[in-house]
Amino acid sequence: MSSDNAIETRGLTKHYGKGGTIKALTSLDLTIARGELFGFLGPNGAGKSTAIRTLLGFLHPTSGSASVLGLDVVKDSVAIRRRIGYLPSGFAVYDYMSGKEYLDHMRDLTGRPSLLRHRIMDALELSDAVLKRPVRDYSRGMRQKIGVVQAMETDPELLILDEPSEGLDPLMQRSLQELLLERVAVGRTVFFSSHLISEVERICNRVAIVRGGKLVALETVATLVRFQRRHVSALVTRKPLRMAGISGVTDLKIVAEGRAFRVTCDAEAVAVPKLIARLQSAGIRDLLVEAASLEEAFMSYYGDAHDVVTDIPALPYALATSAVKRAAKRVRRTPATAPKRAVKRAPKRPVKRPAKRASR
Ligand code: ADP
């Protein structure tokens, strides 16, 4: 495997349990170049932590192979851990230490100086006074901040962060995103997992979407969004003809609005020119064409995933499409004693997945 890449996995597979019945990760192929800010997106249980812990050498693959900074994840795991910054998910600290003692201890294990401690503390609003207090007195968010400082302060060439935003409030999540962008701007590589679509969309150049331990998409964020459907809404003077026959158009509705007609539909990007031509011949008075967001791209991959919706009440920031939000509200309103008729399925959009394109 090439040392030019920050991370490479080939058929990386990890199955747990007797006889490997729990297929946490199956045949993951990823190549992450140096300098990328790469998002690893998927709902809980998708296999993100398993993949990350395998990259760190905490788990051995059932089959397949992987390298980090050109080093083999099984043979060279100690060397890998010395060179990278790592934030595990559900980060736990030795709580008998003060924050400062903990950070000094972790830094000493790497053998590298803490170049960025105060820069990161400032960004995350952590004071020296807080660092003097025992970690057992910290809130969950403060512990997570300590975890971020620990992972980033030696300015490692590669950061592997498992759900770094977990437990941080939205303002601190933004500050963390700024920090990650800053590191990438000076040539570092960041690989982080998330179930927060918005943060991946905001800062990543590429994203891998995993589901049930399998890679279901590997694209630039721009491509994922570009190949997503458009939402079209037009007001036309006359009832438009031959609309239903346009290939790639779904959810078509034509409703009288005063003396005009409101046409709404979803359309694949390639269908939009023909759609507009037909609308034009009906006399366009108003037209709105919106690209779907990464959030909708994600939902098109997860539209029939039960765990996405059932996760919503516990994860208020996750997967917040309005339809899913409404579903989550209904779940929350359902009394504990009520029969289980809460929404189990995400509203399935009749969305065609983007054609498979070659990935790097
Ligand atoms: P994610 O990080 O995306 O939430 P995980 O990698 O933690 O997903 O989990 C993937 C699957 O593997 C889940 O079904 C989870 O229950 C299972 N799993 C994770 N760790 C273990 C383990 N140590 N033993 C057995 N099953 C596990």
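Here are some worked exercises on a predicted model of a single chain.

**Exercise 1. Get the overview.** How many helices and strands does the chain have, and what percentage of its residues count as buried?

*Solution.* Start with the elements: there are 13 helices and 14 strands in the chain. Next, burial: 39% of the 360 residues count as buried. Finish with the contacts. Take those between residues at least 6 apart in sequence, and 70% of them join residues at least 24 apart.

**Exercise 2. Lay out the six-stranded sheet.** In what order do the six strands of the open sheet come, and which strands stand at the edges?

*Solution.* Step one is the order: β6-β7-β8-β3-β9-β10, with mixed pairing. Step two is the edges. β6 (84-87) and β10 (214-220) have a single partner strand each, so each has one side without a neighbour in the sheet. Step three is the twist, which averages 15 degrees from one strand to the next.

**Exercise 3. Zoom in on β3.** Which strands pair with β3 in the parallel sense, and which residues stand opposite G39?

*Solution.* Take one neighbour at a time.

- β3 (residues 37-41) runs parallel to β8 (residues 189-194), with five bridges between them. Here G39 sits opposite F192.
- β9 also runs parallel to β3, this time over four bridges. On that strand, V207 stands opposite G39.

Now look at the side chains. In a regular strand they alternate between the two faces of the sheet. In β3, L37, G39 and L41 point one way, while F38 and F40 point the other way. As for burial, five of the five residues of β3 are buried, so the strand is mostly covered.

**Exercise 4. Pack helices on the sheet.** Which strands do α1 and α6 touch, and what angles do the helices make?

*Solution.* Begin with α1. This helix packs on the sheet against β3, β7 (158-162), β8 and β9 (206-211), and its direction makes about 145 degrees with that of β7. Then go to α6 (residues 140-152), which packs on the sheet by touching β6 and β7. The direction of α6 makes about 165 degrees with that of β6.

**Exercise 5. Check α6.** What span should the 13 residues of α6 have, and why is the helix described as largely enclosed?

*Solution.* First, the span. At 1.5 Å a residue, α6 should span 18 Å; the end C-alpha atoms are 19 Å apart, which agrees. Second, the burial count: ten of the 13 residues are buried, so the rest of the structure largely encloses α6. Among those buried are M142, Q144, K145 and I146. Third, the cover. The elements over the buried residues of α6 include β6, α3 (99-110), α4 (117-123), α5 (128-132), β7 and α7 (170-185).

**Exercise 6. Work through the four-stranded sheet.** In what order do the four strands come, and how many bridges join β11 to β13?

*Solution.* The open sheet is ordered β12-β13-β11-β14, and its pairing is antiparallel. Its edges are β12 (249-257) and β14 (284-291); each has a single partner strand, so one side of each lacks a neighbour in the sheet. The twist here averages 10 degrees from one strand to the next.

Now count bridges from β11. Seven join β11 to β13 (residues 260-267), and the two run antiparallel. β11 (residues 230-236) and β14 are likewise antiparallel, over seven bridges.

To place the register, follow A234: V263 stands opposite in β13, and L287 is its bridge partner in β14. L235 has D286 as its bridge partner in β14.

**Exercise 7. Describe the ligand shell.** Which helix supplies the largest share of the shell around the ligand, and how do the shell residues divide by type?

*Solution.* List the residues around the ligand: Y16, G17, I22, A24, G42, N44, G45, A46, G47, K48, S49 and T50. Then assign elements. β2 (22-33) and α1 (48-55) each contribute at least two residues, and α1 has the largest share, with three. Finally, sort by type: four are nonpolar, seven polar and one charged.

How values were computed. Residues numbered from 1 in each chain as written. Predicted model: local features only at pLDDT ≥ 70, side-chain atom pairs only at ≥ 80, totals over all residues. Pairing = 2+ DSSP bridges. Axes fitted to C-alpha atoms, helices over the stretch in contact; angles between N-to-C directions. Near = placed C-beta within 6 Å. Nonpolar A, V, L, I, M, F, W, Y, C, P; charged D, E, K, R; others polar. Contact = placed C-beta atoms within 7 Å. Buried ≥ 20, exposed ≤ 12 C-beta atoms within 10 Å, placed from the backbone. Expected span 1.5 Å × (residues − 1).
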